[in-house]
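Colleague: Could you take me through the surroundings of the bound ligand in this model, residue by residue where that is possible? I would like one connected account rather than a list.

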Amino acid sequence: MTKTIPIVPYDKPAGGFGSLHGTAKALIGNPGAQALATLPRLNQPQGVDCPGCAYPDSPDSKSVDFCEQGAWAIAHESGKARATPGFFAANTVTALRTKDHAELEAAGRLTAPMLYDAASDTYREIGWDAAFALAGAELRALGDPDRAVFYTSGRSSNEAAFAYQLLARAFGTNNLPDSSNLCHESSGQALTESIGVGKSTVTRADFAHAQLIMSFGHNPGSNHPRMLGDLREAKKRGCRIIVFNPLRERGLEAFADPQSPGELLGGGGTQLADAYYQVRVGGDLAAITGIARAVVERGAVDRAFIDAHTDGYAAFRDLVTGQAWPDIEEASGLTRAQMEEAAGYYIASPATIAAWCMGLTQNEFAIETIQSLVNLMLLRGNVGKPGAGLMPVRGHSNVQGDRTVGITSRPKAAWLAGLRRVFGFTPPAAPGRDAVGTIDGLLDGSVQAFVALGGNFAVAAPDTPRVLAALSGTRLTVHVATKLNRTHLYPGKTGLLLPCLGRTELDLQPAGPQFVSVEDTASMVHASMGRNPPAGELLRSEPFIVSRLARHTLPESAIDWETIGTDYDATRLLIERVADDAVEGFAGYNEQIRSDKGFHLPNSAARREWRTIAGKARFVAHALPADTIMARARARYGDRVLCLATIRAHRQYNTTVYRDPKGEVDRYRGVHGTRHLLFVGRGTLDRLGLADGETVRVRAASPDGIERHVDGIRLVATAQRGDDVFGYFPELTPLLSPALVARGSNTPAFKQIPVLLERAGAAG
Ligand SMILES: Nc1nc2c(c(=O)[nH]1)N[C@H]1C(S)=C(S)[C@@H](COP(=O)(O)OP(=O)(O)OC[C@H]3O[C@@H](n4cnc5c(=O)[nH]c(N)nc54)[C@H](O)[C@@H]3O)O[C@H]1N2
Ligand SMILES: Nc1nc2c(c(=O)[nH]1)N[C@H]1C(S)=C(S)[C@@H](COP(=O)(O)OP(=O)(O)OC[C@H]3O[C@@H](n4cnc5c(=O)[nH]c(N)nc54)[C@H](O)[C@@H]3O)O[C@H]1N2
Ligand SMILES: [Mo]
């Protein structure tokens, strides 16, 4: 039986009245939410850092700096629903597992520390001290600190994250996986090798000077809406915008600023993309190679810059000019004429920004692709001058800051030396487990304790069902969280759920109200001060919870945990001291953080200081690969294998799925009423003998032969060419094997899952 999904094509500009309605729905849908009071203070001096995304704040104090998506994030954090001990008494964990992501989210804020009780299959309230004592005793009983992992989701503040990595290292392990491992890890590693620093060289001020912005693999209309305002301003003063994305994302085509009455009423908005190149999934490396080849062949390189600042140009030039156009066209999905055209835009621009997000980082050859993009920028000296540079657009609001203050499984020697100098213990030097390493350890039983500072690890990571099952087999799980999610429903033998304050809430400590600090994607560090009354009396701040956990885990520790957990100025002073030789820019942290817009952590590459082995920016040349995930899957499973890219809908924040009162799921892609769908090109459907609206089983063409499938997925025919298909994260994440990762960065290949479509009811 075939049924057509209510797809309502969206042809208006992104933003506009839809965004205003969306903002209103966030508030109306969450009666009693403190959101209305919080919104005007978002991303303002002395305000709250929006927990939505990591896009930088406006350099000039605009009166309002938030978006529809921020409103949803805030409304959900500050809504009225509460997952109280009564709620847990009334719902066994087994019963809760039958609920979907949105229903778990709707249970509301956690209000009390809870301990899993296997006899009644429920979480039951426990006192804070008893909870800490239990967790500490279990951690110590592991015998080997490497049996524990400490996961961080990128919403934690610098202060909490610093305390957390200190706990892990004082305990004796570098097992510090984080959401960045699932996200921009590829960017950090590629950039570090090429230009000596793993962060964006662009600040928001650069948008006022750029003459060309190249966007790769990014859907800012839903995921960084404030960026559209910058693109619009740039466009208005004549900057060009070109886009590389297999899907035509409405937000990159046209935008009406919901905060500009003129544009709202005018209806048309601003056209954004001058050219839109629909690359194949994973085709960016080839597309960039083609563009670079055209730039080189037209003699449009900046010789003076190349000679003064770079290393490896000749090898790169020889490589790109040696790649045959038919191969480049085949691998990129673009024509030579399109790549020549893109090269024309690039050559015409005196200052170019290249921005990218998950479309580049979650592919098998992510590092190669990003380094090729660096090469392209280096060809014309587009790093380290106003209006130009490399911009990985980070996801979580403080994922970058967490890294800066030591959340990583592979710490730099200078950071460890800082810890030793300031705290007098010898931290472990051996690399620890990253996210995929954690999955491996959970699956083979060597990880026996899983501690999480936020996040929804098993749902955000590949192979969800197996990871969930493995978590229930551990000795200890500890989740510090604001809201209930599926990962919490698979407690270890001892399973703790510890409720913390959200970013909008007042954090009152004996030393007075505290603020925290966060770093955005442009390396601006600023303060965030919550003012709302906490969602419950028993909630504690993240730094407090982490430091108490540390005290009970390390009773002999000479570190003053009490102060770290309660007086954040003291914590910031410790960060400044540890960072001394390791991170530039933290001097006077407490003074600097109190200035209106915070402070900028300097970026060596942005001032053309290259901290690479060669002391120069490096062209790292990468040939087009032949041995790919898809080629291997097709060799094994045949040519019916399709390439699935898992993407976000408009109404979600990662694994948090919001239920829209009107059933809107993904506004700009026109989806209403369901998330269980797959966008497939008409040509592919015809070839496979499947029809629009049909419901199928999506089966993974797994490299390890393990059976993975998701049922009940409806097909939506699109004009898309080729065998790339698109569906939603997290529903389709269980299809990914943890063996499929970006080479070198170990980031799961969430955009390249080899799958087969099977008609419902078909044998097999
Ligand atoms: N409201 C909201 N905001 C968010 C989030 C959220 O879930 N909701 N999540 C936050 C987080 S943690 C992150 S990391 C960011 C994510 O922000 P995005 O990276 O924008 O998120 P995705 O939905 O993964 O979108 C990836 C885009 O890449 C394209 N794409 C897929 N494969 C390829 C490819 O091979 N090449 C190219 N060029 N493009 C490709 C897809 O068509 C899509 O447009 O957003 C952050 N902000
Ligand atoms: N298939 C597929 N999978 C993906 C991706 C993809 O594109 N496709 N993207 C990946 C990416 S880019 C990322 S970043 C990861 C995200 O992975 P995670 O960061 O692990 O997941 P989130 O959904 O952001 O975590 C949401 C949970 O965090 C908790 N939380 C929210 N606010 C706070 C807070 O202030 N403090 C604390 N302690 N807890 C809080 C709540 O309990 C909430 O349920 O997912 C990855 N997974
Ligand atoms: Mo992310």
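Modeller: What follows is a description of the shell around ligand 1, in a model that is predicted. There are 30 residues around ligand 1, and those that come nearest are Asn-245, Glu-249, Gly-282, Asp-284 and Asn-654. By residue class, the shell divides into eleven nonpolar, 15 polar and four charged residues.

Several polar contacts can be described atom by atom, and two of them involve the protein backbone. A polar backbone atom of Ser-222 lies 3.1 Å from a nitrogen atom of ligand 1, while a polar backbone atom of Met-358 is 2.9 Å from an oxygen atom of the ligand. With Lys-751 it is the side chain that takes part, as one of its polar atoms is placed 2.9 Å from an oxygen atom of ligand 1. On its own, ligand 1 has 920 Å² of accessible area, and the protein covers 99% of this.

As for the elements that supply the shell, those giving two or more residues to it are helix 10, which spans 220-223, helix 19, which spans 358-361, and strand 25, which spans 652-653. Seen at the level of domains, domain 2 (185-393 + 614-618) and domain 3 (629-759) each provide at least three residues to the shell around ligand 1.

Conventions
Residues are numbered from 1 along each chain as its sequence is written. Chains are lettered from A and ligands numbered from 1 in the order in which they are written. This is a predicted model: local features need pLDDT of at least 70, side-chain atom pairs count only at pLDDT 80 or more; totals for chains, interfaces and linings use all residues. Side-chain values use heavy atoms; hydrogens and water are left out. A residue is near a molecule or strand if one of its heavy atoms lies within 4 Å of it. A polar contact is a pair of N or O atoms within 3.5 Å; within protein, one must be able to donate a hydrogen and the other to accept it, and residues adjacent in sequence count only if both atoms are side-chain atoms. Accessible areas come from the Shrake-Rupley method with a 1.4 Å probe; for residues, only the protein chains shown count as cover. Helices (H or I, at least four residues) and strands (E, at least two) are DSSP runs, numbered from the N terminus. Ala, Val, Leu, Ile, Met, Phe, Trp, Tyr, Cys and Pro count as nonpolar, Asp, Glu, Lys and Arg as charged, and the others, Gly among them, as polar. Domain bounds come from an automatic or database domain assignment.
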